[in-house]
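Here's a quick look at how one model is put together, from its charged pairs to its sheet and its rings. Have the coordinates open while you read.

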Amino acid sequence: MQHSLFAFVALTMAAVIGMVVAAPVAQAPVATPYIVQYENNNAQNEGYSFEYELSDEQRRKEEGTIRYSKDEEGKDVQFVAVQGRYSYVGDDGRTYWVEYVADENGYRTRMGTGDYDSDRKLELSNDGRKNRPSV
């Protein structure tokens, strides 16, 4: 009886120690980012723009411009050409950024780390399609 009691206590302690070792480590709560800066402009007949920055260094800036083109049948069509960029700080402490353009030539991106490279900025196509079609 004494031998089985000893075995029971030993197994119970082993199980408790196993649960303690396998228990997840409590992590410090992550603060919810808050808005540091925000701007929004909506010119319905011309386009839109917005920009924001959060307390965790997430940033985004985007602009949409109404453009005009011709479809396959030669009819005038209206669309929104978009360009923008966003960035964030990764878990490794590095800043990652993405620049994007979406227009009549498709969707294009450029990505990098570190400071945003404004010398090599993507541009919207500039073939005169921004103006309204002649009537």
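Is Glu62 buried or exposed? Glu62 is buried, with a relative accessible area of 9%. Keep in mind that this is a predicted model.

**Charged pairs**

Glu62 has a charged partner: its side chain meets that of Arg60 in a salt bridge, 2.6 Å from N to O. Arg60 itself is partly exposed, at 28% relative accessible area. The model has 7 salt bridges in total, and the table shows some of them, including the one just mentioned.

| Salt bridge | N to O distance |
|---|---|
| Arg60 and Glu62 | 2.6 Å |
| Glu53 and Arg59 | 3.1 Å |
| Glu73 and Lys75 | 3.3 Å |

As for how open these spots are, Glu53 is partly exposed at 21% relative accessible area, and Arg59 is partly exposed too, at 37%. Glu73 is out in the exposed class, with 61%.

**The sheet**

Now for the strands. Six of them form an open sheet in the order E1-E2-E3-E4-E5-E6, with antiparallel pairing. Strand E1 (35-43) and strand E6 (106-113) are the edges, each pairing on one side only. Going from one strand to the next, the twist averages 10 degrees.

If you want to zoom in on one pairing, try E1 with strand E2 (residues 47-54): they run antiparallel and are joined by 8 bridges. One residue to look at there is Glu39, whose bridge partner in E2 is Glu51.

**Rings**

The whole structure holds 5 aromatic pairs. In one of them, Tyr86 and Tyr100 have ring centres 6.4 Å apart and planes at 45 degrees, so the pair counts as tilted. Tyr86 sits in strand E4 (residues 76-89) and Tyr100 in strand E5 (residues 95-103), so this pair ties together parts that are 14 residues apart in sequence. The two partners fall into separate burial classes: Tyr86 is partly exposed at 35% relative accessibility, whereas Tyr100 is buried at 7%.

Then there's Tyr88 with Tyr96. Their ring centres are 5.6 Å apart and their planes meet at 20 degrees, so this pair is stacked. Tyr88 is partly exposed, with a relative accessible area of 38%, and Tyr96 is partly exposed as well, at 23%.

Finally, which residues do ring pairs link into a cluster? Those are Tyr48, Phe50 and Tyr52.

Terms used
Residues are numbered from 1 along each chain as its sequence is written. This is a predicted model: local features need pLDDT of at least 70, side-chain atom pairs count only at pLDDT 80 or more; totals for chains, interfaces and linings use all residues. Side-chain values use heavy atoms; hydrogens and water are left out. Rings of Phe, Tyr and Trp (its six-membered ring) pair if their centres lie within 6.5 Å; planes under 30 degrees apart count as stacked, over 60 as edge-to-face and the rest as tilted. Helices (H or I, at least four residues) and strands (E, at least two) are DSSP runs, numbered from the N terminus. Buried means under 20% relative accessible area, exposed over 50%, partly exposed in between (1.4 Å probe, protein chains only). Two strands pair if DSSP finds at least two bridges between them. Axes are lines fitted to C-alpha atoms, for helices over the stretch in contact, and angles run from 0 to 180 degrees between N-to-C directions. A salt bridge is a side-chain nitrogen of Lys or Arg within 4 Å of a carboxyl oxygen of Asp or Glu.
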